[in-house]
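Biologist: I am new to this structure and would like a close look at a single part. Please take the sheet and what lies against it, and build the picture up from there.

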Amino acid sequence: MMEIMPLLPVDEESIGAAKRTSVAGIYDILIDGSNGSAAEQKAAAEVQTGMPGVNIAVKENISFTRRCVKYMLQRGVTQFVDIGSGFLTTNSIHALDSAMKVVYVDKDPSVVEKGIELLGTIETATIICADIRQPKDVLENLGLTRLIDFSQPVGILMMYVACFLKDPEIASVMSSITSTICDDSFVAMTHDTLDGHNGTDEKEKAAKALEVYANTSTPLYFRNHKEVEEIFGGLQIVDPGVVFPHEWHTELDPKAPEATKWLYCGLAKKSPSPLPARNPQIYANPMKLLTAFNQAALSGTSVFVILWYFITFLVQSFMEVTNVSLPEPAASDD
Ligand SMILES: C[S@@+](CC[C@H](N)C(=O)[O-])C[C@H]1O[C@@H](n2cnc3c(N)ncnc32)[C@H](O)[C@@H]1O
């Protein structure tokens with residue numbers, strides 16, 4: 001995980017700017033939204049300088065979100081929780097299918113305020129203000145449980161949000177989510193990475209982008225492929241695994257944008273635990289399997305011998321009871 005300590009703003013102006021910049025606002029500018037402040041516009045420009053093509057990466061992110069919601073809808077999932085939703089638009093996921101129930105979650109009050117306004121009287125979608133670092137505040141929130149039934153499969157979206165959490169925070173969030181959702185539920189994620197931008201120059205530039213986020217209340221972290229895969233924990237990552245967005249089921253969006261390699265994406269399913277084998281070690285080791293077979297054969301022989309003695313004993317007893325004696329051999333005339 002690449003980390004930069006938050007920089008201390010050096011003058012009054014930057015102190016004010018830092019207070020006014022939020023991750024939600026910077027992201028909104030990158031997706032050509034209209035919710036960002038002047039300070040966030042400046043910050044977004046700095047992020048773009050540090051991460052050239054990031055304005056396309058955010059579109060890849062949105063395309064992946066729509067594709068994996070379609071993927072889950074095709075598998076019968078109709079309820080979704082979008083954690084770290086960012087500013088909603090009329091194209092947010094609740095508009096994809098009228099059968100969907102959607103709860104958006106964001107810790108930024110201005111995102112929630114505008115979201116409530118945008119959703120208006122829609123009864124199948126809502127937005128709540130909560131911080132996923134306190135997972136119970138999200139998963140047990142009455143505004144959420146009014147729409148979401150965790151005894152039924154659910155799709156949890158964590159798009160471009162785990163990259164704002166530290167390792168222990170992610171572990172706690174994922175543990176709470178996986179123990180709350182039922183089998184056949186999904187967790188989808190996108191996450192910033194430097195894996196596609198490994199050159200020294202590129203890394204130095206990207207560090208400048210991290211400085212921008214370090215000056216907000218939500219610092220950003222890059223993670224590599226293994227680290228992103230590990231976030232999914234015991235969930236079963238669906239094919240093609242953790243990949244760059246242009247490698248993930250593009251048949252679900254023929255207009256999926258080009259690849260910038262700033263993001264990894266993945267979708268994982270909570271599957272029923274497989275029944276434990278009675279003696280899994282035996283099946284894993286051919287020698288142990290052979291020994292077990294020999295033992296079985298030997299014990300089969302022993303059963304046969306015992307059975308033979310028992311039958312002989314029964315026949316002898318029967319002959320004694322009925323006084324049947326074998327005829328004496330005839331005396332030889334010789
Ligand atoms: C980069 S935006 C992503 C927006 C949206 N998920 C998308 O992919 O289009 C990240 C959002 O996550 C929110 N966020 C960051 N940390 C959060 C947390 N701990 N709990 C809830 N929301 C969080 C921010 O306020 C911001 O709106």
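Modeller: What follows goes from the chain as a whole to the sheet, then to a buried helix, the ligand and several loops.

This is a predicted model. The protein chain holds 12 helices and 7 strands. It has 334 residues, and 36% of them count as buried. Among contacts with a separation of 6 or more, 69% are between residues 24 or more positions apart.

The sheet is open and has 7 strands, in the order β3-β2-β1-β4-β5-β7-β6, and its pairing is mixed. Its edge strands are β3, residues 125–129, and β6, residues 236–237, each of which pairs on one side only.

Take the β3 end of that order. Strand β1, residues 79–83, runs parallel to β2, and 5 bridges join the two. Within this pair, D82 has Y104 of β2 as its bridge partner. On the other side, β2 and β3 also pair in the parallel sense, over 5 bridges. Here V105 is partnered by I128 in β3. In a regular strand, side chains alternate between the two faces of the sheet.

Which helix lies across β2 and β3? It is α5, residues 109–119, and it runs at about 160° to β3. Together β2, α5 and β3 form a right-handed β-α-β unit. Although β3 is an edge strand, it is mostly covered, with 4 of its 5 residues buried.

The loop that leads from β1 to β2 contains S98. This residue has 8 C-beta neighbours inside 10 Å, and because a count of 12 or fewer means exposed, S98 is placed in that class. In sequence S98 is 20 residues from T78, while their C-alpha atoms are 9.4 Å apart in space.

Helix α5 and strand β2 also bear on another helix, α2. The cover over the buried residues of α2 includes α3 (38–50), α4, β2, α5 and α9 (200–214). Of the 8 residues of α2, 8 are buried, so the helix is largely enclosed by the rest of the structure. They are V23, A24, G25, I26, Y27, D28, I29 and L30. An α-helix has 3.6 residues a turn, so residues three or four places apart point the same way. After α2 comes D32, with a positive phi near 65°.

The ligand brings several of these elements together. It is surrounded by 22 residues, and the closest are A24, G84, G86, K107 and M159. The elements giving two or more residues to this shell are α2 (23–30), α4 (54–74) and β2 (101–106). A24, one of the closest residues to the ligand, is also one of the buried residues of α2. By class, the shell is made up of 11 nonpolar, 6 polar and 5 charged residues.

Farther along the chain, the loop between β4 (155–159) and α8 (167–180) holds Y160. Its phi is positive, near 55°, in a residue other than glycine. Is Y160 buried or exposed? There are 24 other C-beta atoms within 10 Å, and since 20 or more is the cut-off, Y160 is buried.

Helix α8 includes T180. With 18 other C-beta atoms within 10 Å, T180 is partly exposed. Leaving aside residues up to four places away in sequence, T180 touches L139 and F150. T180 and K136 are 44 residues apart in sequence, and 9.9 Å separates them in space, C-alpha to C-alpha.

The loop from α8 to β5 (186–192) contains D184. D184 is a residue other than glycine with a positive phi, near 75°. With 16 C-beta neighbours inside 10 Å, D184 counts as partly exposed.

Last comes the loop between β6 and β7 (263–269), where P240 lies. The peptide bond from D239 to P240 is cis, and its omega is near 5°.

Notes. Residues are numbered from 1 along each chain as its sequence is written. This is a predicted model: local features need pLDDT of at least 70, side-chain atom pairs count only at pLDDT 80 or more; totals for chains, interfaces and linings use all residues. A residue is near a molecule or strand if its C-beta atom, placed from the backbone, lies within 6 Å of it. Ala, Val, Leu, Ile, Met, Phe, Trp, Tyr, Cys and Pro count as nonpolar, Asp, Glu, Lys and Arg as charged, and the others, Gly among them, as polar. Two strands pair if DSSP finds at least two bridges between them. Two residues are in contact if their C-beta atoms, placed from the backbone, lie within 7 Å. Axes are lines fitted to C-alpha atoms, for helices over the stretch in contact, and angles run from 0 to 180 degrees between N-to-C directions. A crossover is right-handed if, with the strands pointing away from the viewer, the path from the first strand over the helix to the second runs clockwise.
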